[in-house]
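I opened the notebook to record how the helices and strands of this model pack. The entries follow in the order in which I looked things up.

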Amino acid sequence: SNFTVVHNTAFVQGLVRYWGFVKKLPLYVFSLEMSDEQLLYRQITADLKIGGNFLREGRIRGKESELKKFCDEYGETQIHIDDNAGQNIDAFCDKAIMMHKKYNFAAVFVDYLQLIRTSLATKNESREGKVSDMSHKLKQLAREMRVPVFEVSQLSRDGKNRAETRP
């Protein structure tokens, strides 16, 4: 089948896994969709190649050494996860700059953009206007920090209604 499944959080986790675990780079992950525990849980199940229910139920027999290895590796990473969903875009950018001065991040990941509260004063602003404003601020953040800022967003769910669902 030529069906392509794209899960934004999984894509971000793949990048974070490679850059944080393999390359040992300091990273800042701002997750509005999942808590830090959920992200870690998801990474463990992906690394151990087990279903989430196995980990939840403690059925990891034969995977204990892999789990210990993951935990040891994670303890050595410089991955900073911020799951404070109450921040607006300006507060997030200020915090990212402050933390960057301390940790010298190699990259910043925002998952996902539409869940950040905008700083625009008007509530009548279009969704496109809000996304544009936040994207502009994140681009400024990337320039100021001199690191890539990856912003994940859900552009449209209309693809589910088309005959051809491939992105």
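I first looked up where helix 5 and helix 6 touch, taking contact as heavy atoms within 4.5 Å. From helix 5, Ile89, Asp90, Phe92, Cys93, Ala96, Ile97 and His100 meet Met134, Lys137, Leu138, Leu141, Glu144 and Met145 of helix 6. By class, I found nine nonpolar, one polar and three charged residues in this contact. Ala, Val, Leu, Ile, Met, Phe, Trp, Tyr, Cys and Pro count as nonpolar, Asp, Glu, Lys and Arg as charged, and the others, Gly among them, as polar.

I noted that the model is predicted: local features need pLDDT of at least 70, side-chain atom pairs count only at pLDDT 80 or more, and totals for chains, interfaces and linings use all residues. Residues are numbered from 1 along each chain as its sequence is written, and side-chain values use heavy atoms, with hydrogens and water left out.

Helices (H or I, at least four residues) and strands (E, at least two) are DSSP runs, numbered from the N terminus. The axes of helix 5 (residues 89-103) and helix 6 cross at roughly 10° and come within 10 Å. Axes are lines fitted to C-alpha atoms, for helices over the stretch in contact, and angles run from 0 to 180 degrees between N-to-C directions.

Next I looked up the sheet. Its four strands form an open sheet in the order 2-1-3-4, with parallel pairing; two strands pair if DSSP finds at least two bridges between them. Strand 2 (79-82) and strand 4 (149-152) are at the edges with a single partner strand each, so one side of each has no neighbour in the sheet.
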